[in-house]
Amino acid sequence: MSEYESVTKTPLRLKKDSGIKKKKNKEKKILDNLAKVEKTTGAENTEVKKPQTVPLTKAERTFLMMKEKKANGAILEKASKTHKQRVEEFNHHLDSLTEHYDIPKVSWTK
């Protein structure tokens, strides 16, 4: 008895396009229903609701003040030097490093 006798030798059957159904757009129906509800209730409720704000605690206020102070200090520090001065300072820093930190040669042809 051969190992392949139990295998069916019929061609493959592909699914037909008629078997595929599109999904219905439920979100569109929900949005339409909400729009209808808003139209009917919009005439009745003319009041505009304002979101209620929670007052900041003392710790939150001091945190925001310190955050703003640090941001202003960073801006002033960055604005105090020109681009040329920053480049010179960076080059001086690179010169002070050992050769271990040099960029390795990528191309070995030259």
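## An exposed leucine and three helices

At 56% relative accessibility, leucine 31 counts as exposed, because the cut-off for exposed is over 50%. The model is predicted.

Leucine 31 sits in helix H1, which covers residues 26-42. This leucine has partners on the surface. Ile30, Leu31 and Leu34 make up a nonpolar patch there. Together the three residues offer about 300 Å² of accessible area.

Now the whole chain. The protein chain has three helices and zero strands. Read from the N terminus, its elements run α-α-α. How much of the chain is buried? Of its 110 residues, 0% count as buried. The protein chain exposes about 12800 Å². Carbon and sulfur atoms supply 59% of that area.

Helix H2 spans residues 58-80 and has 23 residues. From its first C-alpha to its last, H2 reaches 33 Å. That is close to the 33 Å expected at 1.5 Å a residue. H2 is hardly covered, with a count of zero buried residues.

How confident is the prediction? The protein chain averages a pLDDT of 79. Of its residues, 75% score at least 70. Confidence is lowest in H1 and highest in H2.

| Helix | Mean pLDDT |
|---|---|
| H1 | mean pLDDT 71 (lowest in the protein chain) |
| H2 | mean pLDDT 94 (highest in the protein chain) |

Where pLDDT is low, the predicted coordinates should not be read in detail. The patch residue leucine 31 lies in H1, the helix with the lowest mean confidence.

Methods: Residues are numbered from 1 along each chain as its sequence is written. This is a predicted model: local features need pLDDT of at least 70, side-chain atom pairs count only at pLDDT 80 or more; totals for chains, interfaces and linings use all residues. Side-chain values use heavy atoms; hydrogens and water are left out. Helices (H or I, at least four residues) and strands (E, at least two) are DSSP runs, numbered from the N terminus. Buried means under 20% relative accessible area, exposed over 50%, partly exposed in between (1.4 Å probe, protein chains only). Accessible areas come from the Shrake-Rupley method with a 1.4 Å probe; for residues, only the protein chains shown count as cover. Patches are made of residues with over 30% relative accessible area and no salt bridge: like charges are joined within 9 Å, nonpolar side chains (Val, Leu, Ile, Met, Phe, Trp, Tyr) within 5 Å. A salt bridge is a side-chain nitrogen of Lys or Arg within 4 Å of a carboxyl oxygen of Asp or Glu. The expected span of a helix is 1.5 Å times one less than its number of residues. pLDDT is the predictor's confidence in each residue, from 0 to 100.
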